[in-house]
Amino acid sequence: FEKIFKNTVIENIQRKSKYLILVFNNHLYCVIHLGMSGTLHFIGLKKKTTNLSFYGSQILPEKHNHIIFRFKNFKLIYNDPRRFGFFKLVENSSKLRDYFSNYGPEPFDKNFNISYIRSKLNHKSKNIKNYLLDQKFVSGIGNIYASEILFNSKINPQRSSGHLSQEDYKNIIFFSKKVLNNSIKKGGSTIQNFKNSNGRTGSFQKHFKVYDREGMKCFSKNCKGTVKKKVISKRSSFYCDICQKV
């Protein structure tokens with residue numbers, strides 16, 4: 001790993017789903033996933049330490065600094081206490097495409113359309129909540145946003161994917177974009193300790209319509225429903241018992 005990257009230049013930084021991709025001048029790529037607890041730290045000559053990841057700390061941890069990229073005027077350090085993250089070398093653009101070939105389009109991708117959804121979900125028995133979390137179907141939707149998307153779409157998370165209508169497809173596409181756009185504008189969702197690269201917490205959690213609102217009244221106009229919680233495939237799902245009937 002060290003010999004391959006020594007004296008190379010990072011020409012670009014890209015993203016695919018929840019992965020970072022470093023593009024090097026020798027046609028190599030480095031795919032990075034932060035896992036559950038991974039953080040990247042920038043240590044410059046003037047600015048001592050800046051955490052580039054979730055937690056916004058200005059202090060470099062003493063332990064679990066697994067990878068150090070040394071540049072002329074700064075260092076980039078990868079820290080990961082739980083070691084779920086990884087750095088993977090990919091040798092060329094063809095192998096990079098192959099690496100991500102099993103990942104579905106992102107919600108903002110033009111290929112995430114009615115034709116695509118119909119081809120993937122038609123006659124399938126797996127529930128729609130699990131499909132939204134399946135990176136092979138659509139890349140980048142997490143548990144919180146799957147619940148919010150399905151509430152806005154008026155689709156029960158337990159609904160069989162093969163029983164969805166074309167109108168349901170349209171709603172899933174529309175609200176996937178809308179919910180994620182709203183969250184991005186509000187800096188993401190801070191449930192426990194999420195912070196952006198500037199150390200600021202997100203505020204989208206203040207606008208949740210169902211997630212983490214078990215037992216509360218539904219926000220839909222003229223709806224007398226109550227938000228329920230159900231564990232689906234070991235993940236908490238929240239939905240209105242009136243708006244989102246199976």
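Two strands count as paired here if DSSP finds at least two bridges between them. Keep that in mind for the first stop, and remember throughout that you are looking at a predicted model.

**Stop 1: the sheet with β4 in it**

Select β4, β5, β6 and β7. These four strands make an open sheet, ordered β5-β4-β7-β6, with antiparallel pairing. Look at the edges: β5 (50-51) and β6 (65-70) each have a single partner strand, so one side of each has no neighbour in the sheet. Now zoom in on β4 (residues 39-44) and β5, which are joined by two bridges in the antiparallel sense. Show side chains for His41 and you'll find Asn51 of β5 standing opposite.

**Stop 2: the sheet with β3 in it**

Next, select β1, β2, β3 and β8. Here again four strands form an open sheet, in the order β1-β2-β3-β8, and the pairing is antiparallel. The edge positions go to β1 (10-16) and β8 (86-90); each has a single partner strand, so one side of each is left without a neighbour in the sheet. On average, neighbouring strands of this sheet are turned by 20 degrees against each other, ignoring direction.

Stay with β3 (residues 29-33) for a moment. On one flank, five bridges tie β3 to β8, and the two run antiparallel. Click on Cys30: its bridge partner in β8 is Leu89. On the other flank, β3 pairs with β2 (residues 19-24) through four bridges, also antiparallel. There, Ile21 sits opposite Val31 of β3.

Follow the chain through the hairpin of β2 and β3, where four residues lie between the strands, and stop at His27: this residue has a positive phi near 70 degrees.

Is β3 enclosed or open? Five of its five residues are buried, so the strand is largely enclosed by the rest of the structure. Colour the two faces separately to see how: Tyr29, Val31 and His33 are buried on one side, Cys30 and Ile32 on the other. That split fits a general pattern: in a regular strand the side chains alternate between the two faces of the sheet.

**Stop 3: helix α3**

Move on to α3 (residues 114-121). Which of its residues are buried? Tyr116, Ile117 and Leu121 are the ones to highlight. They span an arc of only 110 degrees around the axis, which puts them on the same side of α3. Add α4 (128-133) and α6 (166-185) to the view, since the buried residues of α3 pack against both.

Check the two ends as well. At the start of α3, a side-chain oxygen of Asn113 comes to within 3.3 Å of the backbone nitrogen of Ser115. Just after the helix, His123 has a positive phi of about 70 degrees.

**Stop 4: the cores**

Last, bring up the largest nonpolar core, with 33 residues; Ile117, Ile128, Leu132 and Phe137 have the most contacts inside it. The elements giving two or more residues to this core are α3, α4, α5 (143-153), α6 and β10 (235-240). Centre on Phe137: leaving out residues up to four places away in sequence, this side trip takes in contacts with Gly104, Pro105, Phe112, Tyr116, Ile117, Lys120, Leu121, Tyr131 and Leu132. Apart from that core lies another, of 13 residues, including Leu22, Leu28, Phe69 and Tyr78.

Definitions and conventions: Residues numbered from 1 in each chain as written. Predicted model: local features only at pLDDT ≥ 70, side-chain atom pairs only at ≥ 80, totals over all residues. Heavy atoms only, no water. Buried < 20%, exposed > 50% of the residue type's maximum accessible area, 1.4 Å probe, protein only. Arc of directions from axis to C-beta. Contact = heavy atoms within 4.5 Å. Polar contact = N/O pair within 3.5 Å; in protein donor to acceptor, adjacent residues only side chain to side chain. Axes fitted to C-alpha atoms, helices over the stretch in contact; angles between N-to-C directions. Core = buried A, V, L, I, M, F, W, Y, C linked by side-chain atoms within 4.5 Å.
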